[in-house]
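Biologist: Let's go through this structure together. I'll ask, and you answer briefly.

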Amino acid sequence: MAGAAGVNDVEDAIVRAHRDEWARLVASTARRFGSLDIAEEASSEAFATAVERWRAEGIPPNPAGWLSTTATRRAIDLIRRENKRDSKHREAMMIVDDEPHRSVGVIDDDRLRLIFICCHPALAMESRVALTLRMVGGLTVAEIARALLVQESAVARRITRAKTKIRQAGIPFRVPTAKDLPERLSGVLAVLFLIFNEGYLATGADTPAMRDDLTAEAIRLVRLVRTLLPADGEVAGLLAMMLLIEARRPARVSSSGELITIDEQDRAAWSRTLIAEGHSLVRERLAAGTAPGRYQILAAINAVHTSARDARDTDWRQVLALYDQLASLDPSPVVALNRAIAVAEVDGPHAALAIVDGLEGTLSEYHAFHATRADLLRRLGRATDARESYDRAIRLCGNAAETRYLLCRRDESAVRPPASEPIRSTRPHEEASP
Amino acid sequence: MQYLISVIDDEESVAADGDGSASDVEAAAIDDFNERLRNEGHWVFAGALGGPATATAVDNRGDTPIVTDGPFLESKEFLGGFWIIEAPELDTALRIASDGSRACNRKVEVWPVLQE
């Protein structure tokens with residue numbers, strides 16, 4: 001190679017390689033050496049070496065191959081070191097998967113195995129999130145801690161605990177059997193959705209309303225899963241839903257840090273590119289003609305909202321029909337609450353309030369329940385009751401921008417007569433069951 | 001590797017069964033389940049345990065062994081029985097445990113037996 005590459009070129013190459021190759025590198029190293037620990041360490045060291053060597057010697061013609069060779073060498077070194085430390089470990093550490101790849105009816109990719117092991121139902125949910133962001137997403141422990149607003153030591157502990165359980169309890173590094181696949185995949189999508197939601201409506205009193213790093217990472221991970229399982233309708237549905245929510249991000253929080261509900265957002269600020277991609281995925285699923293799962297229905301609901309040029313043009317009958325479909329699939333109270341918002345638009349606030357009041361028992365600790373109820377009461381002219389519900393919503397709300405929004409609505413409801421304006425829920429038609 | 005499937009009994013199921021032992025229906029289902037474990041090569045060992053009132057704690061970490069009536073910790077839930085099974089990895093063990101839970105009509109836990 002002729003001379004040293006430019007610093008910027010090298011940095012770009014590293015960033016690109018990290019984005020494109022990290023998960024593949026960890027996954028293939030984990031399969032070959034039978035250890036997530038070794039895979040993680042060998043992969044990060046391969047990248048650290050790349051920073052040094054590519055600067056001095058130039059970017060190799062095949063960066064992915066270079067990283068793979070370097071990580072493999074590093075993994076072998078690590079195993080030798082382990083063996084010296086404890087010879088009893090030798091056999092366990094040398095479990096190298098030399099079985100030929102067996103087809104299991106779905107695409108058999110190391111990255112898919114990695115995703116399934118990180119999202120295994122035997123791991124605690126918080127560990128699944130941290131492990132997925134680290135192993136599949138390639139975020140550092142510090143980045144994960146920042147994104148999730150927890151201490152670095154807590155993230156490190158979650159990851160270590162998960163890796164120990166994977167090793168000691170024998171959680172397998174493989175794609176689930178065809179029989180288990182739908183359920184296991186829905187577990188994976190739940191983890192990715194949780195990551196997205198945490199970024200989308202962050203909890204914590206003094207935190208920014210949205211954390212773009214997390215929503216972007218969640219979308220990237222779903223795109224990866226879609227590359228691996230392109231025929232799966234729910235993967236496409238989840239991606240479409242995330243894109244259609246992400247598209248509205250620029251319009252979601254005011255300059256004063258207050259949440260802006262969908263009916264008041266500046267629709268010109270929505271991302272046309274993301275909406276176009278989301279709509280095209282929803283059309284693809286409709287054309288498939290198979291019964292949609294929950295994410296596909298939620299994507300379709302978001303497609304209806306993002307199709308309206310003006311909030312007043314929203315096809316609420318279509319939204320309600322989709323919620324009926326969702327409720328038959330998932331009779332959870334949160335779905336019933338969101339459905340009630342559509343009922344308010346189609347049949348009026350009276351009918352909606354009757355439904356919402358029926359959910360009091362199960363959702364009394366959920367801030368969106370009180371916020372929805374407050375808005376219905378306000379529209380029915382019951383100002384005192386509305387205020388009381390706003391107060392309860394504010395006490396339960398974890399997001400700073402949303403709290404500011406609720407405070408504002410509460411104070412308005414005290415002075416303003418009810419108007420025939422569209423209902424405002426703080427999370428309209430976006431959230432699935434928590 | 002080997003896994004312990006521990007059967008979690010509680011006061012409720014004891015009250016339902018009278019003495020906490022398996023009902024006839026449960027016993028028959030457990031027999032079928034055991035038979036399958038043997039046929040499929042997962043069987044290592046299994047047993048039903050006497051209730052907490054029959055347990056005796058022994059502590060010989062000090063100068064003399066101390067023998068005490070009952071388990072060290074009285075709790076609502078206790079170990080009612082167990083299986084030791086052989087399974088290649090956790091997913092298989094969980095599938096077996098889920099059939100075992102159905103057969104004995106109790107909640108179960110899956111614990112890996114650490115390999116040396």
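Biologist: Which residue in β5(B) does I8(B) stand opposite?
Modeller: This is a predicted model. Strand β1 of chain B covers residues 2-10, and its partner β5(B) covers residues 77-86. Opposite I8(B) in β5(B) stands L79(B).

Biologist: How many bridges join β1 to β5 in chain B, and do they run parallel or antiparallel?
Modeller: The pair I8(B) and L79(B) belongs to this pairing. The two strands are joined by 9 bridges, and their sense is antiparallel.

Biologist: What is the bridge partner of A46(B) in β5(B)?
Modeller: Strand β2 of chain B spans residues 43-48. This strand pairs with β5(B) over 5 bridges, in the antiparallel sense. In β5(B), A46(B) is matched with W83(B).

Biologist: In what order do the elements of chain B run?
Modeller: Chain B has 3 helices and 6 strands. Read from the N terminus, the order is β-α-α-β-β-β-β-α-β.

Biologist: Of the contacts in chain B between residues at least 6 apart in sequence, what share joins residues at least 24 apart?
Modeller: The C-alpha atoms of this chain fill a box of roughly 45 × 40 × 20 Å along the principal axes. Of its 116 residues, 23% count as buried. Among contacts at least 6 apart in sequence, the share joining residues at least 24 apart is 70%.

Biologist: Where in chain B is confidence lowest?
Modeller: The chain averages a pLDDT of 90, and 92% of its residues score at least 70. Confidence is highest in strand β6, residues 107-112, at 97. It is lowest, at a mean of 67, in residues 11-17, helix α1 of chain B.

Biologist: How many residues of chain A are in contact with chain B?
Modeller: The predictor gives the complex an ipTM of 0.86 and a pTM of 0.83. On the chain B side, 6 residues take part. The chain A side divides into 4 nonpolar, 2 polar and no charged residues. The number of chain A residues in contact is 6.

Biologist: Now chain A. Which helix gives the most to the largest nonpolar core?
Modeller: That core holds 135 residues. Among those touching the most other members are L114(A), L192(A) and M242(A). Beyond four places in sequence, M242(A) touches F196(A), A218(A), I219(A) and V222(A). The helix giving the most, with 10 residues, is α11 of chain A, residues 233-246.

Biologist: Why does A27(A) count as buried?
Modeller: A27(A) lies in helix α1 of chain A, residues 7-33. Setting aside neighbours within four places in sequence, its contacts are D110(A), R111(A), R113(A) and L114(A). The cut-off for burial is 20 or more other C-beta atoms within 10 Å. A27(A) counts as buried because its C-beta neighbours inside 10 Å number 24.

Biologist: How far apart are the C-alpha atoms of A27(A) and E365(A)?
Modeller: Along the chain, 338 residues separate the two. In space, their C-alpha atoms are separated by 41 Å.

Biologist: What span should helix α15 of chain A have, and what is the distance between its end C-alpha atoms?
Modeller: The helix has 15 residues, 333-347, at 1.5 Å a residue, so it should span 21 Å. The end C-alpha atoms agree with this, at 20 Å apart.

Biologist: What covers the buried residues of α15(A)?
Modeller: The buried residues of this helix include V335(A), L337(A), R339(A) and I341(A). Just after the helix, G348(A) takes a positive phi of about 95°. The cover includes α14, α16, α17 and α18 of chain A.

Note on methods:
Residues numbered from 1 in each chain as written. Chains lettered and ligands numbered in written order. Predicted model: local features only at pLDDT ≥ 70, side-chain atom pairs only at ≥ 80, totals over all residues. Helix = DSSP H or I, 4+ residues; strand = E, 2+ residues; numbered from the N terminus. Expected span 1.5 Å × (residues − 1). Buried ≥ 20, exposed ≤ 12 C-beta atoms within 10 Å, placed from the backbone. Contact = placed C-beta atoms within 7 Å. Nonpolar A, V, L, I, M, F, W, Y, C, P; charged D, E, K, R; others polar. pLDDT = per-residue confidence, 0-100. Core = buried A, V, L, I, M, F, W, Y, C linked by C-beta atoms within 7 Å. Pairing = 2+ DSSP bridges.
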